Each structure stands twice: as structure tokens, then as C-alpha cells.
Amino acid sequence: MSRKSPMSNAWRKLKTNRWAMVSLVIIVFLFLVAIFAPILTPYNYAAQNYESVLKAPSLAHPFGTDNFGRDVLSRVIYGSRYTMFIGFGCITAAAVIGVTLGLIAAYFPKFDNIIMRVVDIVIGMPTMTLLMCIIAVLGVSITNMVIALCVTFIPNFARVTRAQALTVKNQEFIEAAVAIGANDRRILLKHILPNSLAPIIVEYSLSTGNLVLWSASLSFIGMGVQPPIPEWGLMISAGRGYLRSAWFLAIIPGLAIILLTFVLNYLGDGLRDALDPRLNK
Amino acid sequence: MARFIFNRLISMIFVLLATLVIIFTLMYFVPGDPAISLLGENATIEAVKDIHTKLGLDDPYLVRLGRCLWDFVHADFGISYRSKTPVFGEIMARYPTTLKLTLGSTILGILIGVSAGIVSAVKQYSIFDRVFTTISLFGASAPSFWLAMVLVLIFSLWLGWLPATGSYELKYWLLPVFTMGLQCSAFIMRMTRSSMLEVIRQDYVRTARAKGQTEMKIIINHALRNALIPILTVTGMRLCGLLGGSVLVETVFALPGIGKYILDSVSFQDYPVVQGGVMWICFNCVVITFIIDMLYGAVDPRIRSMYGVKKLSRRQSVKEV
């Protein structure tokens, strides 16, 4: 039996999964691209040039130019900022709130019923319908899209955390912690939470991919990021009218979305395999 | 079985009620005066007051909530601000489009997803397995509107085989149904594969094989039957997801469905339509969940028996009758 912690065991297992590691590297790379976007872009993402409108991909413009003569490569690179920061920002906020709710539901039985019933109902509603409903009430803007996405993803975290925390709660070391007089906050944060992390990490990774798709979808139908911001979903929407003359306008930003969600999903699957206690024997 | 259906029916009504309360409460906080939206900016104060008393807009929250639920039961979703016609009729006019789209793509998704999933699980780590799992992960990662545009590009613009927009004959439906069906199959395939992999190593499968049962019968009767519950769950979830998410594909293919109707109403601030449309989709989802629950019971006798259907001895049942 290994004496290492479950987390370092999982990391060791993940490292043997070649494609999951490649996914991780790509995610880090996309993060770097998003951070250093101003240095990496060959042109200004907003600079219009009416002399080269709807130009096919060439050496000067590897991804072509759009209907305002803006360089698509620069816009895709800059767009990674919005997609990555909305994606990871939203999911982190949703995770923090959802995990807190899940821990409360698991540890304090009197809140369990009310929290979990609301969670069940929100999970039961179709994601897109819920998003549209919230944005209809709040109004269309980036902030409101972020709020709507957060609200939509909180229940998943609450449910996963509660399920795991309930099994951890009944173990002997929690009883021991209670016996030595640890208070609720200490038990929750130092004992239950660290031992419930595995499924939360998997949920985090898989949900991020999902959230990126939903945020792009919202921008596509005009309920999220508004022009002229170079967000990938919005760029697809703008390229829709030029499918016949300049197909790359709509297709290339889509490939960027797919690359990000694909590696996130692949990493999520890899994490699930590495963290699944049933496979760790 | 009757007890099982009754139990599920009761819980379905509660879920539906709670969902409607949440939606109503959300829409309750929408800014603006419905009377002015209905009459226009130049309405007289008397006319506005008249609408307020007629629609009961000055009543407290609970009274309005009760009225809203009562109206919902009577299929009255209010009057659209934009067209001044009853919302329910407008929704019903668009419902068949959305229903055809989601049911068609779910059936396609089941056909592709379950068969690909079975092949992947039975031939684990083979070339089929790797290809199918990679394609399905790709399908789950691609935005549906992007997939729709790629299909339009290939089959309408380059090859010229199928029309890009509209909803007249069967050929107009092929691209939208394929777009959503392919995506749906990706999720069903992943679930079928993992569920089959768990079942296929069970003792009873080995026993069936030892008996000399044909491989086909083992897979269909012994393995798939026992792997069916998670597949049903994910199919139900996808069906609900497609009902709500059809707005994306409806937008690309210019189909007059409910999703597109709600979306257009959001930009016109036509809140009765948003509220009615969202409630109708949620009502559909609750019904779908109920049907899936019924199918659980039909597929797995253990679930039926969990709901207190005790096996009666013959004498007891005769006495009760």
C-alpha cells in the first residue's frame, strides 16, 4: 500500500495518461495566449481595413479577414481572453457557492431539504431555458450573462459536494474531530472538504467545457457578449451571413471553441479515471 | 404498478408546481409596467388603470401567483404585448416544429448512440472503440450551431443536396435533425459504453456465455437490458436539453419553433410570451421525466417493487378482490 496522499496518487496516475497531459498542456498554452494576447496579435483586433475585406486565408492574414477587413487571427487570439476568463471565472464562482451550499446541506440536516429541493428543480429545467429566463429578467449584458451562467452551474456543484460530504461525514475521523472539540467550521473546512475534493475536481473540469459552450451559445443568439467584442460565439454569429463567400469567418472561431472544450472534456475524463476510488485499488 | 405510477404522478405535480413558482417569481421582478407595454407609451392614465384592475396587476404577490397557476391549468398564458393575441395559441402554433425537431433528433441519437456504444463496449480498446469515443467526445465538445453551419456549408452550399433553411418537406428537416441528432448520439454513446462496460463483466453474463447462449442474445437480452437504466436517464436529460436548446438550431435554420419565439420575445421585452414559453417547456420536461420514470419501472422490476408493491399470495389477492 502506498503511503502517499490520495491526491499525489491521482496525479501520478494522471501523468501516465498521455493524452490527458497533452490536454493539460494545451489548456495552459491557451491561458498564456489569453494573457499575452496584446503581444501575440499581428494586428489590432479592432483595426478596420476596407481595402482587404473578406479576404481568404493568406500569409499576411493566416485566418483571413472579416467583413470590416479586421484580421480574424488577431480576433481569435483576443477572443480567447473573453472565453477563457468568462469560462474559468464563472465556473470558479459557481464552484465556491455550490460547494458551500453542498457542505451546508450535508452537515446541517435542517438546511438539507430546502437546499436540495431547489437544486433538484433548477437541475430539472433545461439549461438554455433557464439561462434565457434569467437574462430576460436581468437584461442583456456580459455581467448578466455571467450571473445567469453562475446560477445555472451552482446546483451541479452543490449536488456533487453534498453526496460526497455525506459519506465522509459518517467516517470515524470526523467523530474523532468532534470528540477533541473541533468546531463546525474547522470540521467542514479541514476535514470534510479536503476529503470530498475528488468528485468536485472532476465536476469542475467537465463543467468548464460545458460552460464555455453555453457562453458561446448565448453570445451566438445575441444574449451575451455584444459586438464589436471579439468573442468566439459572437464571431460565429457574425460569420453566418458570409457562409457562402467567406466560410472561414464562422468555421475558424468554432474550431477554437472545440479545441478548448475538447481538451477540457478530455482532461475531465482523465481526472475521473485518476480520482475514481473504485479504479485505485 | 398502479401504486408506482400514483407515487410518481404526485411527485411530478409537486415538481411542476415548484418550477412554475420559481419561474413566476423570476418574472415577477421584471422591471416596467405591463399595462404600458400592452397599450403603448401614449396610453391615458385611465386606460392604464383599467388594465391594472382587469389583469389584477395591483394585487399582492401571492394572489397573482395563485391566479397565474390557475390560468396555467386552464391553458391561459396571457396576452402577448407584441401581437396582442393569446400566448397559448402562439405557442401551440410553434410547438409541432420544436417537437418534430427534438423527437426526430432523439430517435436518431438513440439509434446511432446505442449501437455505437454497444460496439465500443463489446470491443473495448479496439480501433472502433477509439474512433467512436473520439468522435463522441468531439460531438459533445462542438457547439450545435457550429455543427449546423458546417453541415449547411457542406450539404447545401458545396454539394447542393439539401436546402439550408425553411420547414416544408422532409428534406428541409434532414439537416436540423441530423445536427441535433449527432450531438445527442454523442452523449448517449458515452453513457451506453460506460454502462455496458460495467454490466458486461458481471457473473450472469459469464453464466449466459457458459450456457452456450449466442453472443447476440447475450448482448441484447442480458447485458443491454441491465445497462438500460443510465441510458434511459441520459436520453431523458438530452430530450429536455434539446427542447430548451433547440433555439440554437432553430436560429441557424430559420425554423419557427418555440425557442426562437421566446428568444425574439426577450428582445421585444414581451414578457408574457417568455413566461408562457418557459413554463410550457418546463411542463414538457416534467412530463418527459415522468415517462422516463415509468420506463424505469417497466425495464427494471426492482424499481417497481421499491414503491411498496408487495407480492401478494394468491389467497390474499383473492380476498382483496
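**Chain B, asked and answered**

Author: Let's start with the outside: chain B has an accessible surface of about 16,700 Å², and 66% of that belongs to carbon and sulfur atoms. Keep in mind that this is a predicted model.

Reader: Fair enough. How do you know how confident the predictor is in chain B?

Author: From the pLDDT: chain B has a mean of 84, and 95% of its residues reach 70 or more. Confidence is highest in helix α5 (residues 87-122) of chain B, at 92, and lowest in helix α14 (residues 314-320) of chain B, at a mean of 48. Over residues 316-321 of chain B the value is below 50, and this stretch has 2 contacts in the model beyond near neighbours in sequence.

Reader: Why should I care about a low pLDDT?

Author: Because predicted coordinates should not be read in detail where pLDDT is low. For the model overall, ipTM and pTM both come out at 0.86.

Reader: What makes up the secondary structure of chain B?

Author: Helices: 14 of them, with 0 strands. As for burial, 46% of the 321 residues in chain B are buried.

Reader: Let's talk rings. What makes the pair F220(A) and F145(B) stacked?

Author: The structure has 18 aromatic pairs over all chains. For F220(A) and F145(B), the ring centres are 4.1 Å apart, and a pair needs centres within 6.5 Å. Their planes sit at 15 degrees, and under 30 degrees counts as stacked. Both tests are passed, so the pair is stacked.

Reader: How do you know which chains this pair joins?

Author: By where the rings live. F220(A) is in helix α10 (residues 197-220) of chain A, while F145(B) is in helix α7 (residues 144-158) of chain B, so the pair joins two chains.

Reader: And why are F220(A) and F145(B) called buried?

Author: Buried means under 20% relative accessible area. F220(A) has 3% and F145(B) has 0%, so both count as buried.

Reader: What makes F72(B) and F77(B) a stacked pair?

Author: Same recipe. Their rings are 5.2 Å apart centre to centre, with 5 degrees between the planes; the cut-offs are 6.5 Å for a pair and 30 degrees for stacking, so this pair is stacked. F72(B) is buried at 10% relative accessible area, and F77(B) counts as buried at 10% as well.

Reader: Which residues share an aromatic cluster with F72(B) and F77(B)?

Author: F88(B), Y95(B), W280(B) and F283(B) form one aromatic cluster with them.

Reader: What makes A75(B) stand out in its backbone?

Author: Its phi is near 55 degrees, a positive value in a residue other than glycine. A75(B) is in the loop between α4 (61-73) and α5 of chain B. Another one is A254(B), with phi near 50 degrees, in the loop between α10 (215-253) and α11 (258-267) of chain B.

Reader: Why are A75(B) and A254(B) called partly exposed?

Author: Partly exposed runs between the buried cut-off of 20% and the exposed cut-off of 50%. A75(B) is at 32% and A254(B) at 47%, so both land in that range.

Reader: One last thing: where is P228(A), and what kind of peptide bond joins P227(A) to it?

Author: P228(A) is in the loop between α10 and α11 (232-239) of chain A. The bond between P227(A) and P228(A) is cis, with omega about 10 degrees.

Terms used
Residues are numbered from 1 along each chain as its sequence is written. Chains are lettered from A and ligands numbered from 1 in the order in which they are written. This is a predicted model: local features need pLDDT of at least 70, side-chain atom pairs count only at pLDDT 80 or more; totals for chains, interfaces and linings use all residues. Side-chain values use heavy atoms; hydrogens and water are left out. pLDDT is the predictor's confidence in each residue, from 0 to 100. Helices (H or I, at least four residues) and strands (E, at least two) are DSSP runs, numbered from the N terminus. Contact means heavy atoms within 4.5 Å. Buried means under 20% relative accessible area, exposed over 50%, partly exposed in between (1.4 Å probe, protein chains only). Accessible areas come from the Shrake-Rupley method with a 1.4 Å probe; for residues, only the protein chains shown count as cover. Rings of Phe, Tyr and Trp (its six-membered ring) pair if their centres lie within 6.5 Å; planes under 30 degrees apart count as stacked, over 60 as edge-to-face and the rest as tilted.
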